[in-house]
Amino acid sequence: MQCYLSGLPVFLSMKIIAIAGSLRTGSSNVAFIRAIANLAPAQIEMDIYEELGSLPLFSPDIDTSTPPEQVARLRSLIEVADAVIICTPEYAYGMPGALKNALDWLVSSAQLYRKPTAALSTSPSERGGDRALAWLQQTLNALDADISKSASFPVPYIKAVLKKEGFHDTVISKQIGDMFAELSSSITKNRQS
Ligand SMILES: Cc1cc2nc3c(=O)[nH]c(=O)nc-3n(C[C@H](O)[C@H](O)[C@H](O)COP(=O)(O)O)c2cc1C
């Protein structure tokens, strides 16, 4: 977002929280999220949420006005973020249970409602986890997150992609650039409305 002080343009900072759907030590999704963070434009501050495994299993019985503290923390991190990036692996054609569990915790509290959100998937295979991505998008639609086409894509052959430091001159680097542009534009629109 741009405003003017004494006639000079000033770019206001934007905060993005990124969530990788894998709990695995050495996860390629976590590595990909970290690599994306290094490519973020200067006005974007990107934090990585790495506490998916500490969330209790969702049950409406404990989704009360005083939720478990790990849940309250996840909700507040998303609340204060201007946008969210979620990157999922594919387990048996779907997103991992740990990620779906986190999203279930966000249904009643609605932190993702109209939140600019990028949905990504990665896989060592040529399909890039597109079936998990379709499921993630479906769940995000149920939560009324603001996902757009250019901020949502599968990343095939993730192991090879991660070997290319900075992803220079790759399809992926263009997709990441488009994703940040799309998220920034949605954030700016939200601030103006
Ligand atoms: C239980 C399990 C199921 C998997 N199912 C799929 C699958 O359906 N499609 C796919 O492309 N990869 C599948 N994989 C391979 C994962 O894409 C691969 O292990 C990937 O590295 C997981 O992401 P991570 O490195 O972030 O943990 C599966 C892996 C596991 C452990």
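This report describes the central sheet, the ligand surroundings and two unusual loop residues of one structure. The model is a predicted one.

**The sheet**

The sheet is open and is formed by 5 strands, arranged in the order β4-β3-β5-β6-β7 with parallel pairing. At its edges stand β4 (44-49) and β7 (146-155), each of which pairs on one side only. On average, neighbouring strands of the sheet are turned by 20° against each other, direction ignored.

The table lists the pairs of neighbouring strands, with the number of bridges and one pair of facing residues for each.

| Strand pair | Sense and bridges | Facing residues |
|---|---|---|
| β3 and β4 | parallel, 6 bridges | Isoleucine 17 and aspartate 47 |
| β3 and β5 | parallel, 5 bridges | Isoleucine 16 and alanine 83 |
| β5 and β6 | parallel, 5 bridges | Valine 84 and threonine 117 |
| β6 and β7 | parallel, 6 bridges | Proline 116 and aspartate 146 |

Two connections between strands of the sheet can be followed along the chain. From β5 the chain passes through helix α3 (residues 97-104) to reach β6, in a β-α-β crossover that is right-handed. From β6 the chain continues through helix α4 (residues 130-142) to β7, and this β-α-β crossover is right-handed.

Another helix, α6 (residues 171-192), lies across β3, β4, β5 (83-88), β6 (116-122) and β7. Its direction makes an angle of about 165° with that of β7.

**Burial of the strands**

How many residues of β5 are buried? The count is 6 of the 6, so strand β5 is largely enclosed by the rest of the structure. In a regular strand, side chains alternate between the two faces of the sheet. In β5, Ala83, Ile85 and Cys87 point one way, while Val84, Ile86 and Thr88 point the other way, and all of these residues are buried. Two of the residues in the table belong to this strand: alanine 83 stands opposite isoleucine 16, and valine 84 has threonine 117 in β6 as its bridge partner.

The edge strand β7 is mostly covered, with 7 of its 10 residues buried.

**The ligand surroundings**

The ligand is surrounded by 14 residues, and the closest are Ser22, Ser27, Asn29, Pro89 and Ser123. By character, the residues of this shell divide into 7 polar, 5 nonpolar and 2 charged.

**Two residues with positive phi**

Two loop residues deserve separate mention for their backbone angles. Alanine 92 is located in the loop between β5 and α3, within the connection that leads from β5 to β6. Although alanine 92 is not a glycine, it has a positive phi of about 50°. Is this residue buried or exposed? Alanine 92 has 8 other C-beta atoms within 10 Å, and a residue with 12 or fewer counts as exposed, so alanine 92 is exposed.

Arginine 114 is placed in the loop between α3 and β6. Its phi is near 60°, a positive value in a residue other than glycine. Arginine 114 has 13 C-beta neighbours inside 10 Å and therefore counts as partly exposed.

How values were computed
Residues are numbered from 1 along each chain as its sequence is written. This is a predicted model: local features need pLDDT of at least 70, side-chain atom pairs count only at pLDDT 80 or more; totals for chains, interfaces and linings use all residues. A residue is near a molecule or strand if its C-beta atom, placed from the backbone, lies within 6 Å of it. Ala, Val, Leu, Ile, Met, Phe, Trp, Tyr, Cys and Pro count as nonpolar, Asp, Glu, Lys and Arg as charged, and the others, Gly among them, as polar. Two strands pair if DSSP finds at least two bridges between them. Helices (H or I, at least four residues) and strands (E, at least two) are DSSP runs, numbered from the N terminus. Axes are lines fitted to C-alpha atoms, for helices over the stretch in contact, and angles run from 0 to 180 degrees between N-to-C directions. Two residues are in contact if their C-beta atoms, placed from the backbone, lie within 7 Å. A residue is buried if 20 or more other C-beta atoms lie within 10 Å of its own, exposed if 12 or fewer, and partly exposed in between; C-beta atoms are placed from the backbone. A crossover is right-handed if, with the strands pointing away from the viewer, the path from the first strand over the helix to the second runs clockwise.
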